[in-house]
Amino acid sequence: MELESTELVVSKTDVPVTVSQPLSLSHRPGERQSSIPTVLTLSTPISFHLIRQLSVVPPAGDLPAATPEGVCARRERHGKIGVLKSSVNGASMNTASLKSPGQVSVSDKMDRLADAQILPSVEEVLAATPFIDIHTHLYPPSFGKIGLWGIDELLTYHYLEAELFRSSHIKPEKYWALSKREQADLIWQTLFVENTPVSEACRGVISVLNEFHLPTDRSDLSEARSFFNAQSVESHVEKVLEMAGISTVVMTNDPLDPVESAAWMKGVASHPQFLAVLRLDRILCTWSAHWQVLASQGYQVDEHASGKSAAEVRRFLLDWHKRMNAVYMAVSLPDTFAYPQETVGNRLLKEAVLPACRELGIPLSLMIGVRKLVNPALRLAGDAAGRSDLRALENLCLAFPDNRFLVSVLSRENQHELCVYARKFNNLMPFGCWWFLNNPSIVEEITRERLEMLGTSFIPQHSDARVLEQVIYKWKNTRRTLAPILSNSYRLLLHDGRGVTRSDIQRDITRLFRTNAESWIGAPNLASRAPTQV
């Protein structure tokens, strides 16, 4: 196959530069790929940001395969995202595109996909597109032991601890007295050896082991422990994010957590793939137990949040935003959350948090519906979900139109109502299938509903990972679950009279898993928002 010309589109107008690198093409899945020298000619310098795949799409009937590793460009971390247009043997072809706002995909009839080509194309684009993980509990290596990783942490994740107590006679108090290694051994023996690991959380561990080519059916964990003990955390983090297909991890950072705040105050090295979030739970939900921490740091606050307290909390948030370079603020709220009910938390929300978010130009994330410690003996595994009255969300969106809200609700019964509110308020961005909802059957239902009601104007998923390697199976599951959902939408569109191209698919997937997050956070180049060393 002879490549005659290529053109790189980087914005509303084409900007000329010269770049030379190979372009690998394959006509059908399974065919040998060929490497073709490629010259991209532009007149102005440009750098690339996360071009993971530029795969050429010929007319329907001659669809090339994409590879997860990317076709003609390696990952870079700065600059603009572009679109490659090519001509092979005189035939016009459009590539998969990560486009700037303002670019419009035009579906040429000759490029439209046949029904049978849609699912493979969606699977390939999902596999090749680097995602932004908008909410996690992960940390870069500079945070030391705060960041969790390895087989013992995977097995003692609170999802699996809850399952253990259903399949074992051990009492919680006896379990908590065990060492981490002993707890992991017990969970492995109970859930993976004595029982078939068919639950979502158990299958996740199996998937991680399999991705690292470790045995999944042994009676002990010796080989897995040897493998993880041999890893360098720095290179392991990079490898895991690559395996998961994510470019950016958004953390959860609590300035009132004594261990984490100490790390920030000592100074932590920035990491271009980890971005900070200012978590507010202890301020908005348990102020009476934590106001003295602010007071001890020189902020003039009191137990009742009276007087100068709101202004001082705002100053505290601005100081910590400067230290963290946070991309948004966040709070996890109970199912009983109501606004504008008169509470200390609501007063601080109105007078400190929302004004600070407006001043900084960042959104507030509301994760609504948790019922904390319904069974305190289980600790983290003892939380539950409750249905919320989302009129509180309506009141916030209406009263504060200049604030942007990222919203995830924990109850399955609240999902439709959230979609309806998103249709009424364009300062509301639904995101993810949180916690107990992150199971394929429920993810499928919620995502179909959102596509039908909101198009591609939402963020389908976040990992919520607490242990590093969880991102591997969580994003693998997301891609596997989303492929038939998106394909079905495109097939319905095709049969209703409008075809789709691979460029359309790439644009939509990029919007769902990248652009919506970038635009909502207000950071087109997310790498520039990494925390600064202090």
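Biologist: How many cavities of 30 Å³ or more does a search of the whole structure find?

Modeller: This is a predicted model, in which local features need pLDDT of at least 70 and side-chain atom pairs count only at pLDDT 80 or more, while totals for chains, interfaces and linings use all residues. Residues are numbered from 1 along each chain as its sequence is written, and side-chain values use heavy atoms, with hydrogens and water left out. Taking a cavity as a set of points, on a 1 Å grid over the protein atoms alone, where a 1.4 Å probe fits but cannot get out, the search of the whole structure finds 6.

Biologist: How many charged residues are in the lining of the largest cavity?

Modeller: The largest cavity has a volume (the space filled by probe spheres set on grid points joined across faces, edges and corners) of about 90 Å³. Its lining, meaning residues with an atom within 4 Å of a point, includes Leu138, Tyr139, Trp149 and Leu468. Counting Ala, Val, Leu, Ile, Met, Phe, Trp, Tyr, Cys and Pro as nonpolar, Asp, Glu, Lys and Arg as charged, and the others as polar, this lining has 9 nonpolar residues, 2 polar ones and, of the charged, none.

Biologist: Which residues lie closest to the centre of the largest pocket?

Modeller: A pocket is an open set of points with protein on both sides within 12 Å along at least five of seven lines, and the largest one here holds about 1300 Å³ of space. Of the 42 residues that line this pocket, the closest to its centre are His137, Arg282, Lys372, Leu380 and Arg466.

Biologist: How many charged residues does the lining of that largest pocket have?

Modeller: The lining of the largest pocket is of mixed class, with 17 nonpolar and 9 polar residues. Charged residues make up the remaining class, and their number is 16.

Biologist: Is Ser332 buried or exposed?

Modeller: Ser332 lies in strand E11, a strand being a DSSP run of at least two residues, numbered from the N terminus. Leaving out residues up to four places away in sequence, Ser332 touches Arg279, Asp281, Cys285, Met367, Val370 and Trp434, where contact means heavy atoms within 4.5 Å. Because its relative accessibility is 6%, and under 20% is buried, over 50% exposed and in between partly exposed (1.4 Å probe, protein chains only), Ser332 counts as buried.

Biologist: How many residues does the largest nonpolar core have?

Modeller: Such a core joins buried Ala, Val, Leu, Ile, Met, Phe, Trp, Tyr and Cys residues through side-chain atoms within 4.5 Å. Those with the most contacts inside the largest core include Leu155, Met329 and Leu366. The residues in this core number 141.

Methods: Helices (H or I, at least four residues) and strands (E, at least two) are DSSP runs, numbered from the N terminus.
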